[in-house]
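I am opening a notebook page for this structure. The entries below record what I looked up, in the order I looked.

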Amino acid sequence: MKTMAGGFLDRERQKPVNATAAVKWALQNTHIHTIISGFTTFDQLDESLSVMNDLELNENEKKDIILAQSLPGLYCTGCENCLSQCKKNLPVPDIMRAYMYTYGYRELEKAHELLTALDLTKNPCKECNSCSVVCAKGFNVEEKIKDVTRLLDVPADFIT
Ligand code: SF4
Ligand code: SF4
């Protein structure tokens, strides 16, 4: 799952994940023989299927894999290292998933649903003097939590 790592490497969606590089990179791992990838267009499906004859990364794909590795991206690996670090015991990995839904997939309804289910308030970090979380991916979790929980201001029926 999450082969496309959120679809984009940045909040502004200026750096899309190289789809063929991502599929090849995952399937080159001999422990992996299946990927579950979401598609919204037939072009995306064709693009991913096109790699099946040759999983060798070309130079451009290698470059994009290295770039993706050098950036925090939008995808939380769910390592859960942050859970014991947060002073308010916030479900940080779940909130990061909502962040990825929002900025990576533009699935605002899903993000809103998740944030609501987590019973969060807008900016739950606001009474915290300093953030004690050191994210394994290098996310500034305080900033991301503040940003994505703004979605709770929007009524659900406005998004659907
Ligand atoms: S700033 Fe937010 S994420 Fe960081 S420790 Fe405080 S409550 Fe937790
Ligand atoms: S430490 Fe970072 S990557 Fe790991 S679960 Fe927490 S937010 Fe996600």
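How many residues surround ligand 2, and which are the closest? I was working with a predicted model, not an experimental one. I counted 15 residues around ligand 2. The closest are Cys76, Cys79, Cys82, Pro93 and Cys135. By class, the shell around ligand 2 holds 10 nonpolar, 3 polar and 2 charged residues. I then checked which element supplies the largest share, and it is α4, with 3 residues.

Ligand 1 came next. Its surroundings comprise 13 residues, of which Cys86, Lys88, Cys125, Cys128 and Cys131 come nearest. I sorted the shell around ligand 1 into 9 nonpolar, 1 polar and 3 charged residues. Here α6 gives the most, with 3 residues.

Since α4 had come up at ligand 2, I looked at that helix by itself. Helix α4 covers residues 92-105, which is 14 residues. At 1.5 Å a residue I expected a span of 20 Å, and the end C-alpha atoms are 19 Å apart, so the two agree.

Is α4 mostly covered or mostly open? It is mostly covered, with 11 of its 14 residues buried. The buried residues are Val92, Ile95, Met96, Arg97, Ala98, Tyr99, Met100, Tyr101, Thr102, Tyr103 and Gly104. I noted that Arg97 is on this list despite its charged side chain. I asked what the buried residues of α4 pack against, and found α5 (108-117) and α6 (141-148). After α4 comes Arg106, and I noted its positive phi, near 55 degrees.

I moved to helix α3, residues 59-70, and picked out Lys62 in it. Why is Lys62 classed as partly exposed? It has 15 other C-beta atoms within 10 Å, and the class runs between 12 and 20, so it falls in the middle group. I also took the separation of the C-alpha atoms of Lys62 and Trp25: 9.1 Å, with the two residues 37 apart along the chain.

Trp25 led me to the packing of helix α1 (residues 19-27) on α3, where the angle is about 80 degrees and the axes are 9 Å apart. That angle makes α1 roughly perpendicular to α3. I listed the contact residues as Thr20, Ala21, Lys24 and Trp25 of α1, with Glu61, Asp64 and Ile65 of α3. By class, this contact has 3 nonpolar, 1 polar and 3 charged residues.

Technical notes:
Residues are numbered from 1 along each chain as its sequence is written. Chains are lettered from A and ligands numbered from 1 in the order in which they are written. This is a predicted model: local features need pLDDT of at least 70, side-chain atom pairs count only at pLDDT 80 or more; totals for chains, interfaces and linings use all residues. Helices (H or I, at least four residues) and strands (E, at least two) are DSSP runs, numbered from the N terminus. The expected span of a helix is 1.5 Å times one less than its number of residues. Two residues are in contact if their C-beta atoms, placed from the backbone, lie within 7 Å. Axes are lines fitted to C-alpha atoms, for helices over the stretch in contact, and angles run from 0 to 180 degrees between N-to-C directions. Angles under 35 degrees count as roughly parallel, over 145 as roughly antiparallel, 65 to 115 as roughly perpendicular and the rest as oblique. A residue is near a molecule or strand if its C-beta atom, placed from the backbone, lies within 6 Å of it.
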